Amino acid sequence: MDTTNDPVFPKGDQASPDYFTGTAWIKVLMDDSIISIGNVVFEPRARNNWHTHEGGQILIATAGVGYYQEKGEPIRLLHKGDVIKIMPGVEHWHGATPGSEFTHIAITTKTKNGAVNWLHKVTDAEYNSY
């Protein structure tokens, strides 16, 4: 049996609709007082809200095609193998394109204030601006 294209990690738990538009799943791979690492799978068109990380974040694209956008910048297209370093406090969002699922590993540094500061939803106009 060929398992070449099987996902490395299971989908995990469905992400909260309070912080995601569309359907996404999060599998926590590691979580301690310093760092959180999660595998996130987005269905086509799914994305998270605008948010910041006081300690910064690294995204590693592992499957599909995704979007990444920082406030005031154009949307960037992400493919398997792309790595994004998000500096502390930068407002951003990420998710899948309309025609593809998207999976990434998110590595987030925790601070005394936690790992993420959730903001407002990404509007359809913002999402469709690519």
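This section describes the nonpolar cores, two buried polar residues, a surface patch and the salt bridges of a predicted model.

The largest nonpolar core of the predicted model has 15 residues, of which Phe20, Phe42, Leu59, Tyr68, Ile84 and Phe102 touch the most other members. At least two residues of this core come from each of strand S4 (35-42), strand S7 (57-70), strand S9 (83-86) and strand S11. The largest share, 3 residues, is supplied by S7. Apart from this core lies another, made up of 6 residues that include Trp50, Ile75, Trp93 and Val122. When neighbours within four places in sequence are left aside, Ile84 is in contact with Gln57, Ile58, Leu59, Tyr68, Arg76 and Leu78.

Asn48 is located in strand S5 (residues 47-48). With a relative accessible area of 3%, Asn48 is buried, because the cut-off for burial is under 20%. Beyond its neighbours within four places in sequence, Asn48 is in contact with Tyr19, Phe20, Phe42, Trp93, His94, Trp118 and Val122. Among these residues, Phe20 and Phe42 belong to the largest nonpolar core, whereas Trp93 and Val122 belong to the other core, of 6 residues. The side chain of Asn48 also reaches the backbone nitrogen of His94, at 2.9 Å. A separation of 6.1 Å is found between the C-alpha atoms of Asn48 and Thr21, which are 27 residues apart along the chain.

Thr97 occupies the loop between strand S10 (92-96) and strand S11 (102-109). Its relative accessibility is 9%, and Thr97 therefore counts as buried. A polar atom of the Thr97 side chain lies 3.5 Å from the backbone nitrogen of Ser100. Not counting residues up to four places away in sequence, Thr97 touches Pro44, Arg45, Val65, Gly66, Tyr67, Leu77 and Tyr127.

On the surface, Val8, Phe9, Leu29 and Met30 make a nonpolar patch of about 340 Å². Of these patch residues, Met30 is found in strand S3 (residues 24-31) and is partly exposed, at 34% relative accessibility.

The model holds 4 salt bridges. One of them joins the side chains of Lys110 and Asp31, with an N to O distance of 2.4 Å. This pair links distant parts of the chain, since Lys110 lies in the loop between S11 and strand S12 (117-118) and Asp31 lies in strand S3, 79 residues apart. Lys110 is partly exposed, with a relative accessible area of 25%, and Asp31 is likewise partly exposed, at 48% relative accessibility.

Another salt bridge is formed by the side chains of Asp124 and Arg47, at 2.8 Å from N to O. Here, too, distant parts of the chain are linked: Asp124 is in helix H1 (residues 124-127) and Arg47 is in strand S5, 77 residues apart. Asp124 counts as partly exposed at 47% relative accessibility, whereas Arg47 counts as buried at 2%. Strand S5 also holds the buried residue Asn48.

The side chains of Glu91 and Lys71 meet in a further salt bridge, at 3.9 Å from N to O. Glu91 is in the loop between S9 and S10, and Lys71 is in the loop between S7 and strand S8 (76-79), so the pair ties together parts that are 20 residues apart in sequence. Glu91 counts as partly exposed at 23% relative accessibility, as does Lys71 at 42%.

Definitions and conventions. Residues numbered from 1 in each chain as written. Predicted model: local features only at pLDDT ≥ 70, side-chain atom pairs only at ≥ 80, totals over all residues. Heavy atoms only, no water. Helix = DSSP H or I, 4+ residues; strand = E, 2+ residues; numbered from the N terminus. Buried < 20%, exposed > 50% of the residue type's maximum accessible area, 1.4 Å probe, protein only. Polar contact = N/O pair within 3.5 Å; in protein donor to acceptor, adjacent residues only side chain to side chain. Contact = heavy atoms within 4.5 Å. Core = buried A, V, L, I, M, F, W, Y, C linked by side-chain atoms within 4.5 Å. Patch = residues over 30% accessible without salt bridge, like charges linked within 9 Å, V, L, I, M, F, W, Y side chains within 5 Å. Areas by Shrake-Rupley, 256 points an atom, 1.4 Å probe, with all protein chains shown as cover.
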